[in-house]
Amino acid sequence: MPDEPRPAFVPLWPVCERVDGCIGIVVHDGACLGHLGDQLDDYLDGLRPGDALEARGAVVTAVLVNRVLDRVKYGRTVPGTIALEHAEIIGDDSRFELIDFNGDVSCSWARFAGSVRFNHSRFHQHVSFDNATFASTAQFENVQVTGELRFVNARFEKRARFGPLRASGLDLDGVRCAAMTEIDVQVERLTCRRARFEEGVVIRANDGAVFVEQARFGAPSLISGIRVMPRLSSLRQTEVNNLELADVDLRLCVFAGAYRLDQLRLAGRCPFDRPPRGWWTRRRTIVEEHVWRKWPTDRPDYWHLYPADPERMANVYRSLRKAFEDSKFEAGAGDFYYGEMEMRRHSAETPHAERWILTVYWLLSGYGQRAARAIAALVLVIVVVGVLLALWGQPAGDAARIAVGAVVLREPGAELTEAGQWTVMVARVLGPVLLALAVLAVRARVKR
């Protein structure tokens with residue numbers, strides 16, 4: 001990724017007096033950590049366990065950072081703060097491994113020129129890498145964080161790996177990853193809003209909520225559950241043609257506004273929501289329909305929900321149907337076809353005549369998805385035809401036989417009155433139609 005110029009920065013700390021233009025914070029005798037020169041050993045000798053690693057704005061080597069860490073540790077514990085804001089760490093390897101950080105760790109706007117490893121470390125206070133740049137590989141494996149681990153607007157120019165990682169939250173909003181990224185986490189919240197994964201990402205989450213909005217997946221990517229399914233909150237304004245979801249809870253996910261939704265791939269168990277209990281049809285639904293119909297939903301208030309009209313929801317259901325059909329899951333695709341027809345029936349953009357036709361289609365067979373309705377309608381036609389024939393054209397004893405025969409296109413075998421003939425003609429049309437709808441509905445539920 002091409003470098004972008006940093007915004008003008010005016011430090012709020014006393015800056016180094018040794019080199020013009022250096023914004024490193026003074027740590028000893030007017031010098032920053034990177035410009036101590038022959039006074040470096042005196043400075044290091046004066047450090048005690050619990051002191052801060054103070055290098056804000058300085059240009060320091062990874063070797064020097066590691067030497068300071070060794071001086072301020074109690075065993076593997078660093079009780080003081082790590083302050084690397086606007087610092088540049090040069091060198092091949094910055095090692096922050098096997099350390100318990102009891103103080104704040106602030107690396108906002110820092111630049112790590114070499115590889116960085118925080119493996120097997122624990123963070124017990126505030127930790128931030130907002131706007132940091134990682135020019136080489138970055139590893140955060142087997143990391144535990146008491147609070148939230150933040151990488152807002154950070155840049156990863158080489159391969160990055162997060163996890164196994166446990167934290168209350170992992171904030172990757174606005175990150176830009178130029179290489180393949182791996183994320184294996186157990187967190188309450190994982191946010192990837194406006195994130196860019198140019199070479200793809202693999203996200204494995206054990207429980208928790210995953211927020212993905214306005215994200216870009218430049219190569220095949222995966223979001224999957226481990227043991228407990230994570231809950232995906234949204235795919236709004238995200239191109240999902242390179243995305244696969246596996247074992248992810250989609251009951252509260254917002255789909256309206258996603259791009260290329262028909263190319264989304266689903267694997268494993270990816271449950272959608274259902275209408276409330278007592279509703280007379282069971283099918284997969286999207287949370288936008290629940291909100292539109294004022295059905296109850298467990299979506300928390302901080303999961304921002306943007307209103308969607310029936311026309312937009314029809315497009316969402318159509319795209320999801322296509323995605324299920326491409327996965328050869330015809331039975332599941334039928335639920336989304338039902339939702340699409342429902343939204344078209346309620347949409348103000350649908351012409352009135354078409355809405356009437358859709359209403360009849362819904363009543364008779366549930367849009368070709370509910371065999372029971374078609375069979376019930378067929379039975380009702382037989383009963384009505386039998387009653388009409390008994391009243392207008394035939395003795396009551398023959399009416400039932402003639403009605404059944406008329407529905408299956410058999411000759412009634414008896415003379416009919418003019419009214420009876422018209423009744424049989426109508427039955428001969430309705431009967432095969434309803435039979436076909438019943439067969440179509442059964443096929444839609446069992447086809448693979």
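Student: Let's start with a strand pairing: which residue in β18 stands opposite Gln139?

Tutor: Happy to look at that with you, and please keep in mind that this is a predicted model. Strands β14 and β18 run parallel and are joined by three bridges. β14 covers residues 138-140, and β18 covers residues 160-171. Within β18, the residue opposite Gln139 is Arg161.

Student: And which residue in β18 is the bridge partner of Leu149?

Tutor: β16 spans residues 148-150. It pairs with β18 in the parallel sense over three bridges. The partner of Leu149 in β18 is Leu170.

Student: What about strand β15: which residue of β18 does Gln144 stand opposite?

Tutor: β15, residues 143-145, also runs parallel to β18, with two bridges joining them. In β18, Gln144 stands opposite Arg166.

Student: How many bridges join β18 to β20?

Tutor: Good one to follow up. Strand β20 takes in residues 181-191 and runs parallel to β18. One bridge between these strands has Phe162 partnered with Ile183 in β20. The number of bridges joining β18 to β20 is nine.

Student: Now the rings. How is the pair of Phe140 and Phe151 classed?

Tutor: A pair of aromatic rings is described by the distance of the centres and the angle of the planes. For Phe140 and Phe151, the centres are 5.2 Å apart. Planes over 60 degrees apart count as edge-to-face. The planes here stand at 80°, so the pair is edge-to-face.

Student: Where along the chain do Phe140 and Phe151 sit, and how many residues apart are they?

Tutor: Phe140 belongs to strand β14, while Phe151 lies in the loop between β16 and β17. The pair links distant parts of the chain, and the separation is eleven residues.

Student: Is Phe151 buried or exposed?

Tutor: A residue is buried when its relative accessible area is under 20%. Phe140, its ring partner, is buried at 0%. Phe151 has a relative accessibility of 0%, so Phe151 counts as buried.

Student: Which helix holds Phe324, the ring partner of Phe272?

Tutor: Phe272 and Phe324 form an edge-to-face pair, with 6.2 Å between centres and 65° between planes. Phe272 is in the loop between β28 and α3, 52 residues from Phe324. Both rings belong to buried residues, with Phe272 at 5% and Phe324 at 6%. The helix that holds Phe324 is α4.

Student: Which residues have the most contacts inside the largest nonpolar core?

Tutor: In soluble globular proteins, nonpolar side chains tend to be buried together. Here the largest nonpolar core has 97 residues. Phe129 and Phe151 also belong to a cluster linked by ring pairs, which includes Phe140 and Phe162. Phe255 touches residues including Leu235, Phe272 and Leu320. The residues with the most contacts inside the core are Phe129, Phe151 and Phe255.

Student: Which ring does the charged end of Arg345 sit over?

Tutor: The structure holds 28 aromatic pairs, but this is a charge over a ring. The charged end of Arg345 is 4.1 Å from the ring centre, and the ring is that of Trp362.

Student: To finish, what percentage of the protein's residues count as buried?

Tutor: The protein has nine helices and 28 strands. Its accessible surface comes to about 21000 Å², and 53% of that belongs to carbon and sulfur atoms. Of the 448 residues, the share that count as buried is 51%.

Conventions: Residues numbered from 1 in each chain as written. Predicted model: local features only at pLDDT ≥ 70, side-chain atom pairs only at ≥ 80, totals over all residues. Heavy atoms only, no water. Phe/Tyr/Trp six-rings, centres within 6.5 Å; stacked < 30°, edge-to-face > 60°. Helix = DSSP H or I, 4+ residues; strand = E, 2+ residues; numbered from the N terminus. Buried < 20%, exposed > 50% of the residue type's maximum accessible area, 1.4 Å probe, protein only. Lys NZ or Arg CZ within 6 Å of the ring centre and 35° of its normal. Core = buried A, V, L, I, M, F, W, Y, C linked by side-chain atoms within 4.5 Å. Contact = heavy atoms within 4.5 Å. Areas by Shrake-Rupley, 256 points an atom, 1.4 Å probe, with all protein chains shown as cover. Pairing = 2+ DSSP bridges. Lists of a residue's contacts leave out its neighbours within four places in sequence.
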